[in-house]
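Reader: Got a minute to walk me through this one? I'd like to go region by region.

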Amino acid sequence: MKAMNLAGDQVSRIAQGCMRISGLSDSDLERLVNEDLENGINFFDHADIYGGNGACESRFGDLLRRCPGLRSRMLIQTKCGIRPGSYDFSRQHILSSVEGSLKRLGVETIDFLLLHRPDTLMEPEEVAGAFEELYKAGKVRHFGVSNHHPLQIELLQKAMPDLPLVINQLQFSITNTTMIDAGINVNMENAGAVNRDGMVLEYCRLKGITIQPWSPLQYGFFEGPFIGSEKFPELNQALEKYAGEYGITPTGLAIAWILRHPACMQPIIGSVRPERMAEIARAADVTISHDTWYELYRASGKKLP
Ligand SMILES: NC(=O)c1ccc[n+]([C@@H]2O[C@H](COP(=O)([O-])OP(=O)(O)OC[C@H]3O[C@@H](n4cnc5c(N)ncnc54)[C@H](OP(=O)(O)O)[C@@H]3O)[C@@H](O)[C@H]2O)c1
């Protein structure tokens, strides 16, 4: 699979999301990770909260302990900042969360650490202090955010000029397109023109921040996959048609649609089936045409002004 540069590391164009791995057997998890690596997927996304009480990180750490050769072949990302009932970017919470992740994963270094959701009570200098401490101790190599508005990133970045925020993980799929709708509908009196995110896509492109779309195959907020859903007949028809033309699957095409955008996004795929990850990895090498991209966008129910 094609790779891309992320803060100096060569990373796969798609990443494996680990939010749903806690229910897998040891052998199924081992197969998933090994086959991902064989298919060129070398980036694994975690969060301290996935699976409840760090269960997903623990399961992944158990695998790394059983198969010590795996760690050097992958990049590990995790997130912190969500506590039950609140968001918490305090120094104490960030440091203790990272200690927990390092312990559960059984690694010395986290490659990428993201702040999971904005904490409106955050003190940028306090976050900067915690990040600096983690960086200097060799516990975290790179930093980023998730679900952040451009001005929230600016606020944080001002306090940490020497530690660039290199990632913003945001919800994006062919059915959840607010990130591009506002740019397509500028100045129009329609729902698409509503600017919900401060033009975060354009901001990230300007700043060289990699966008990682989360839930790239889901509609709504975890309402289920749109592939095969009767709620999206026109989209599924178009996905079937063009998947056939490109020799990939509709699921793969939905990801190729994201990858076609010049923002060079890195979608985080949450499937725990090696076969599905393999079909998506194959599609990641396919570049769809400009016209196919717009046809699929329109088939998802979006209108061009
Ligand atoms: N930063 C954030 O706030 C945030 C929020 C949510 C998630 N995330 C990250 O993003 C990753 C991806 O999120 P996600 O898991 O919601 O994304 P997803 O990749 O859109 O959805 C994966 C789910 O959809 C199912 N699926 C996919 N294609 C299918 C198809 N063609 N037919 C039937 N089922 C299909 C998968 O089932 P199978 O396993 O059976 O394939 C799996 O249950 C997570 O693992 C996590 O790392 C981040």
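Reader: Where does Arg298 lie?

Author: Arg298 lies in helix α11 (residues 290–299); helices here are DSSP runs of H or I, at least four residues, numbered from the N terminus. This is a predicted model, where local features need pLDDT of at least 70, side-chain atom pairs count only at pLDDT 80 or more, and totals for chains, interfaces and linings use all residues. Residues are numbered from 1 along each chain as its sequence is written.

Reader: Ok, and how far is Arg298 from Ala238 in space?

Author: They're 9.7 Å apart, C-alpha to C-alpha, with their positions 60 residues apart in sequence.

Reader: How exposed is Arg298?

Author: Arg298 is partly exposed, because 14 other C-beta atoms lie within 10 Å. Buried takes 20 or more such atoms within 10 Å and exposed 12 or fewer, partly exposed being in between, with C-beta atoms placed from the backbone.

Reader: Switching to the ligand: which residues come nearest?

Author: Gly17, Met19, Leu217, Gly270 and Ser271, out of 25 around the ligand. Being around it means a C-beta atom, placed from the backbone, within 6 Å.

Reader: And what's in that shell by class?

Author: It has 11 nonpolar, 10 polar and 4 charged residues. Ala, Val, Leu, Ile, Met, Phe, Trp, Tyr, Cys and Pro count as nonpolar, Asp, Glu, Lys and Arg as charged, and the others, Gly among them, as polar.

Reader: Last thing, what does Ile255 touch?

Author: Leaving out residues up to four places away in sequence, Ile255 touches Ile14, Pro216, Pro267, Ile269, Ile280, Ala283 and Ala284. Touching means C-beta atoms, placed from the backbone, within 7 Å.

Note on methods: Two residues are in contact if their C-beta atoms, placed from the backbone, lie within 7 Å. Helices (H or I, at least four residues) and strands (E, at least two) are DSSP runs, numbered from the N terminus.
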